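Trainee: Please walk me closely through one helix and the parts around it. I would like to know how long it is, what it packs against, and what else ties its neighbours together.

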Amino acid sequence: MQNLLATFTHWRPSEKSFVNYLSIVAAIYLIWLGSLKMTVSEIAQINYWLGASPLFSPILSWLGVETLAALMLVIEVSAGVFILLGMSNARPVFARLGFLGSALAGVMFLLNFTYLFTNPIWVDELGGFPYLKTGFNIVKYPSMFVVVAYIAIFHLEKIKPNYSLERFKSALTGLAFVGVIMIMGWIGALKFVQYEAEGIYGLMSTNILFSWMYDVWSVQGASNVIGVVELTFLALLLAFPFNRTLGRVGVLGIVATTLGTQSFLVSLPGWNESAYFPLINERGVFFIKDHFLVACSLILAFRYSEK
C-alpha cells in the first residue's frame with residue numbers, strides 16, 4: 001500500500017512524453033474544429049460571436065463571413081498540423097514548427113477570450129456578471145492557452161538551449177491554477193443558482209450516469225450536489241503547493257468529472273441534428289474543450305511532482 005501511495009505521489013513521465021500528450025490534445029481540437037469552419041453551423045457561430053464583438057465585427061464586415069471562415073480554417077488546421085510535427089525529433093525544423101503552431105493557437109485562444117468582455121454573454125435578469133448565459137465556452141480559454149503555451153515554451157527551449165525559460169513555466173503554473181478555477185470554481189458555483197440548475201436538467205435527466213440523481217434529489221438539489229463535487233475537487237487541486245497527494249486526488253477527480261461530461265456527447269447528443277460525427281454542435285464543442293481542463297490540471301501535477 002505504501003509503495004502504491006509513493007508511486008501515486010511521485011510518478012512523473014519525461015517532459016517530452018508529457019508535451020507529446022499535450023500536443024495530441026491541442027492538435028486534435030484544432031484540426032477537428034478547424035476543418036469544420038466552412039460548415040453551415042460553424043459559419044452561423046462565426047456570425048454570432050464576431051458580429052457581436054466591437055473588436056471583430058469590422059473585420060467580419062470587411063472580409064465577409066465565408067472568406068473569414070476559410071482563413072480561420074487554414075490557420076487552425078495549420079496550427080494543429082504544426083503542433084503534431086513538433087512531436088518529431090527527426091529535424092530541428094520540427095521544433096520551430098511546433099513552436100509556431102502552438103504560438104498561433106495561443107493567440108487564437110486569447111482572442112476568443114476577449115468575448116468575455118465584449119459580447120452580451122450575461123443573464124441580464126440576474127444583474128449580469130457573474131451569471132453566464134452564453135459564455136460558458138469562453139471561460140475555458142485560459143486553460144486552453146496554458147496548454148499550448150507550455151508546448152511553445154518546451155519547443156523554444158529546444159530552439160534556444162542556452163536560455164532558461166523556467167520563469168515562464170512558473171508563470172504558466174500560476175496561470176494553470178487560474179484556468180482551473182475559472183472552470184471548476186465559476187461554473188461549479190453557478191450550480192447553486194436556479195437558472196443553472198434548470199439549465200443542466202435537460203443534460204442530466206437524459207443521461208444514464210446522472211438521471212438517477214433526480215430520483216433522490218430535486219432539480220436544485222441534484223445541481224447542488226454536482227456543485228459540491230466540483231468545488232471539492234477544485235479545493236483538493238488547490239492544495240498542490242502544500243500537499244502533493246491531495247493535489248493529485250483533485251486531478252483524479254477532475255479527470256473523472258470530465259469522463260462523465262463526455263458521455264453527454266452521446267446522450268445529448270453533441271452532434272448536429274442533421275449529421276453525426278465529426279460534425280459537432282455548440283454543446284459538443286463545450287464538452288470537447290474539457291480535455292484542455294484535464295491537460296491543464298495535469299500540468300499542475302507534472303510541475304509539482306518535481307517540487
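Mentor: Happily; we will begin with one helix and then work outwards through its neighbours.

Residues are numbered from 1 along each chain as its sequence is written, and side-chain values use heavy atoms, with hydrogens and water left out. This is a predicted model, with local features needing pLDDT of at least 70 and side-chain atom pairs counting only at pLDDT 80 or more, while totals for chains, interfaces and linings use all residues.

Our helix is H12, residues 219-237; helices here are DSSP runs (H or I, at least four residues) numbered from the N terminus. Its 19 residues should span 27 Å at 1.5 Å a residue, and the end C-alpha atoms are 28 Å apart, which agrees. The expected span is 1.5 Å times one less than the number of residues.

Now look at its buried side (buried means under 20% relative accessible area, exposed over 50%, partly exposed in between, with a 1.4 Å probe and protein chains only). The buried residues of H12 are Gly 221, Ala 222, Ser 223, Ile 226, Gly 227, Glu 230, Leu 234 and Leu 237. They pack against five helices: H9 (166-190), H10, H11 (213-216), H13 (244-262) and H16 (290-304).

Take H10 next, which covers residues 194-205 and holds Tyr 201. Tyr 201 is partly exposed, at 38% relative accessible area. Beyond its neighbours within four places in sequence, Tyr 201 is in contact with Tyr 214 and Val 219, where contact means heavy atoms within 4.5 Å. Tyr 201 and Tyr 214 are 13 residues apart along the chain, and their C-alpha atoms are separated by 8.9 Å.

H9 and H16 bring us to the salt bridges (a side-chain nitrogen of Lys or Arg within 4 Å of a carboxyl oxygen of Asp or Glu). The structure holds eight of them. In one, the side chains of Glu 15 and Lys 169 meet at 2.6 Å, N to O. Glu 15 lies in helix H2 (residues 15-35) and Lys 169 in H9, so this pair ties together parts that are 154 residues apart in sequence. Glu 15 is partly exposed at 22%, whereas Lys 169 is buried at 4%.

Another salt bridge joins the side chains of Glu 166 and Arg 303, again at 2.6 Å, N to O. Glu 166 belongs to H9 and Arg 303 to H16, so the pair links parts 137 residues apart in sequence. Here Glu 166 is partly exposed, with a relative accessible area of 34%, and Arg 303 counts as buried at 2%.

Glu 196 also forms a salt bridge, with Lys 191, the closest N and O atoms being 3.5 Å apart. Both partners are buried: Glu 196 has 8% relative accessibility and Lys 191 has 6%. Shared partners also join Glu 15, Glu 157 and Lys 169 into one salt-bridge network.

Finally, just before H16, Lys 289 sits in the loop between helix H15 (282-288) and H16. Lys 289 counts as buried, at 3% relative accessibility. Leaving aside neighbours within four places in sequence, Lys 289 is in contact with Tyr 29, Asn 137, Lys 140, Tyr 141 and Met 144. Tyr 29, Tyr 141 and Met 144 are also among the contacts of Phe 109, as is Phe 292.

How values were computed:
Helices (H or I, at least four residues) and strands (E, at least two) are DSSP runs, numbered from the N terminus.
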